[in-house]
Each structure stands twice: as C-alpha cells, then as structure tokens.
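Here is a short set of exercises to work through with the sequence and the structure side by side. Try each task on your own before you read the solution below it.

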Amino acid sequence: MKVSKRQELMKIVDLNESLVVLGGGLNALVVAIELLKAGKRVTMIEAGRSDCKAASSSEYRAFKKNFSSPKFGLKDRSFTYAGYINRTKVKAVNFKVIGSLATGGLSNLWGGDIRDYDDDDLKDFPYSKSEVASIEEDILNLMTNYNPDGEKVVAKEVVYNFHRAGIDGRCAELIEQWGNSSENIGFDLPKLAILVNDKDDRKRCDHSDACLVKCPNGSIFNAAYEIEKLRENPNFVHLTGVLIEDVSKSRMGYTLSARNMIDGK
Ligand SMILES: Cc1cc2nc3c(=O)[nH]c(=O)nc-3n(C[C@H](O)[C@H](O)[C@H](O)COP(=O)(O)OP(=O)(O)OC[C@H]3O[C@@H](n4cnc5c(N)ncnc54)[C@H](O)[C@@H]3O)c2cc1C
C-alpha cells in the first residue's frame, strides 16, 4: 500500500489513557513534572520543533521595534518568536503580543530569573505563598539545581554581558527610562537563574561571561533540556510540530483540532 506523506507524518496516540499538557515552555514543563510525580501518564503536545527557522528580517525588525527587551536583539534566537503571530493569528487590538512556538518556548530567549514573592505580592491571586511553596521549590531546583545545604546564590548580575553583545547603549537607555520610575514597571540590572550545581552533562556556572552569546556550560535554564530528559520516562509522550488550533468540549470529552507544522495539514 502506498503511504502518503500525510499518513507518514501522522502518529496515533491514545489520549484517553493520558493527561494532555499543551505547550512545552516553563509552565507546561512544571505541570508535566508534577503529574508524572503523581504517577500519571502525560502526553505533551507542542508546536515546537528543534529545527525552528529564524524570524524573517521584517519580523525581527518589528519585534526589536515593538518590544523594549534587549533580548530581542539576539538574532540567533529569533527562532523563539518566529511565526508566532502569523501561525496563531492572535489579533492584538490595544496590546502587543509575544509568544513562542519553539520547543522550550520563550525560555530559549535567555533563561529566566526567580523572584522571591511574599503573600503581599500574591494578594490578587487565588492562592497564598504557602500553597505554592512546593511548586516554587520545584522550579528553583529545576532552574538552578539548587541544593538546600549548598550554595545559596541562584542569580547573578549579567549587566557586563550587554557590553560584549554590543547593546550596552540600549541597556543604559532602558535603565534611564525605567530605572527610577514610580510606575508599576521597573527596569533593574538583569539577573539570571543559573545552575549552581552540575546537572547531567550541563555544568554549573563558571562565570564565562558568555550568557548573552551562548553559555558554553549550558548553565542557563531552557525548558528544552528538561523535556529531553522527560522523554526517557515511559509515562511521558512528547508530540512536537503539532499546532493546536482549537479545543472544544463535547459529551465524549475534549476534541483537539490540530495542524501539522511540517506539511501544514
Ligand atoms: C523578551 C522577554 C524577556 C523575558 N525575560 C524574562 C526574564 O528575564 N525572567 C523571567 O522569569 N521571565 C522572562 N520572560 C517571560 C518568560 O519568558 C515567560 O513568562 C515564560 O517563558 C512563559 O512560559 P510559558 O511556558 O507560559 O510559555 P512559552 O515559554 O512561550 O511556551 C509556549 C509553548 O507552547 C507551545 N505552543 C504555543 N502555542 C501553541 C499551540 N497553539 N499549539 C501547540 N503548542 C503551542 C510552544 O511550542 C511552546 O512550547 C521574558 C519574556 C520575554 C518575551
């Protein structure tokens, strides 16, 4: 029997036997890890592919212009936001939109940092600090391989890297614009969560000062590293290159409408 390109690309996964996590960024990763720890079977579906293409020149220029973060100046990581607006057709009326269709999501852009929130910070949220403390600890471990008895430093100032990447002027501009602002937005010296202990074949930060360019040790968090490890878990199925277009509820359960990112069908 002749197998069409489309059939070749199709994978049969029984979603009745599994919980479905949509996306493969930091948030989806934490959800998947928690569910696997609770002994569930998890299918992670994400649009992300490892061979993501860089953003087109016009998209790159638009992001640099529309978003103030110096991270958008990193052309080699523009694959992180490439195609997001066109593919998802999100309509931005009075807001600017940024999202990712890459494996590992926006954390590819340049890791992330960790803030120590207290109950006051969380007063508008439907949970208290103590209710999310164990998840917070999980994230801290995930991003830094932190050992409660070991070194406590989990973030480092990386402002000197702006100089190396040639965007120190932009950084100075942002600090001037937002640094002393009394508004609800602040711009501070950038801090970055880094590995404080070796993790698998990744090494703890040795201050190579190459954060913005590409950390030679893999010390900077990227959800894709962790997903690669989860793939060894027999209870975890990872479907990439599948763009979810709609989720609807029916008597039978949930129906996902998806588009294959490879052949577009
Ligand atoms: C420029 C910039 C700088 C930032 N700096 C920091 C920082 O310094 N510190 C910090 O803590 N945070 C920072 N953030 C915010 C942080 O990156 C995000 O809050 C975080 O990455 C969001 O994680 P997420 O898992 O929700 O989404 P993402 O990381 O965006 O992941 C989305 C995932 O969902 C998948 N996906 C999306 N749509 C679909 C679909 N329709 N079908 C299938 N799959 C889909 C993608 O493939 C991807 O795997 C920054 C964000 C930006 C834009």
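**Exercise 1. The hairpin**

Find out how many residues link β6 to β7 in their hairpin, and work out whether the two strands run parallel or antiparallel.

Solution. Start at the turn: two residues connect β6 and β7, making a hairpin. Bear in mind that this is a predicted model. Next, look at the direction of the strands: β6 and β7 (residues 253-260) run antiparallel, with eight bridges between them. Finally, pick out one pair: S250 has G253 of β7 as its bridge partner. As background, strands of a sheet pair through backbone hydrogen bonds, either parallel or antiparallel.

**Exercise 2. The three-stranded sheet**

Give the strand order of the open sheet of three strands, then name its edge strands.

Solution. Reading across the sheet, the order is β1-β2-β5, and the pairing is parallel. The edges are β1 (19-22) and β5 (236-239), each of which pairs on one side only. Between neighbouring strands of this sheet the average turn is 20°, direction ignored. Now zoom in on one pairing: β1 and β2 (residues 42-45) run parallel and are joined by four bridges.

**Exercise 3. A leucine in β1**

Decide whether L19 is buried, partly exposed or exposed, and list its contacts beyond four places in sequence.

Solution. First, place the residue: L19 belongs to strand β1, and V42 in β2 stands opposite L19. Then count: L19 has 16 other C-beta atoms within 10 Å, so it is partly exposed. Setting aside residues up to four places away in sequence, L19 touches L35, K40, R41 and V42. Take L35 from that list: L19 and L35 are 16 residues apart in sequence, and their C-alpha atoms are 8.4 Å apart.

**Exercise 4. Two loop residues with opposite labels**

Both N222 and D200 lie in the loop between β4 and α9. Which label, buried or exposed, goes with N222, and which with D200?

Solution. Begin with N222: it has 24 C-beta neighbours inside 10 Å, and 20 or more are needed, so N222 is buried. Its contacts, leaving aside neighbours within four places in sequence, are G104, S107, N108 and G111. N222 and G112 are 110 residues apart along the chain, yet their C-alpha atoms are separated by 8.5 Å.

Now turn to D200: it has 11 other C-beta atoms within 10 Å, and the limit is 12 or fewer, so D200 is exposed. Its backbone is worth a look too, since D200 is a residue other than glycine with a positive phi, near 50°.

**Exercise 5. An arginine after β2**

Locate R49 and find the residues that it touches beyond four places in sequence.

Solution. R49 sits in the loop between β2 and α3 (57-66). With 16 other C-beta atoms within 10 Å, R49 is partly exposed. Not counting residues up to four places away in sequence, R49 touches T103, T240, G241 and M261. A further distance to check in your viewer: the C-alpha atoms of R49 and A102 are 6.0 Å apart, with their positions 53 residues apart along the chain.

**Exercise 6. A kinked helix**

Where is the kink in helix α6 centred, and which residues of α6 are buried?

Solution. Helix α6 (residues 129-144) has a kink of about 30° centred on I135. Buried residues in α6 are I139, M143 and T144. Step just past the end of α6 and you reach N145, where phi is positive, about 55°.

**Exercise 7. The shell around the ligand**

Which residues come nearest to the ligand, and which element gives the largest share of the shell?

Solution. The ligand has 29 residues around it, and G23, G25, G105, L106 and G112 come nearest. Two or more residues each come from α2 (26-37), α5 (107-110) and β6 (242-250). The largest share, three residues, belongs to α2. Sorted by class, the shell holds 13 nonpolar, 13 polar and three charged residues.

**Exercise 8. The whole chain**

How many helices and strands does the chain have, and what percentage of its residues is buried?

Solution. Count nine helices and seven strands. Of the 265 residues, 25% are buried. To finish, consider contacts between residues at least 6 apart in sequence: 62% of them join residues at least 24 apart.

Note on methods:
Residues numbered from 1 in each chain as written. Predicted model: local features only at pLDDT ≥ 70, side-chain atom pairs only at ≥ 80, totals over all residues. Pairing = 2+ DSSP bridges. Axes fitted to C-alpha atoms, helices over the stretch in contact; angles between N-to-C directions. Bend = angle between axes of the 7 residues up to and from the residue. Near = placed C-beta within 6 Å. Nonpolar A, V, L, I, M, F, W, Y, C, P; charged D, E, K, R; others polar. Contact = placed C-beta atoms within 7 Å.
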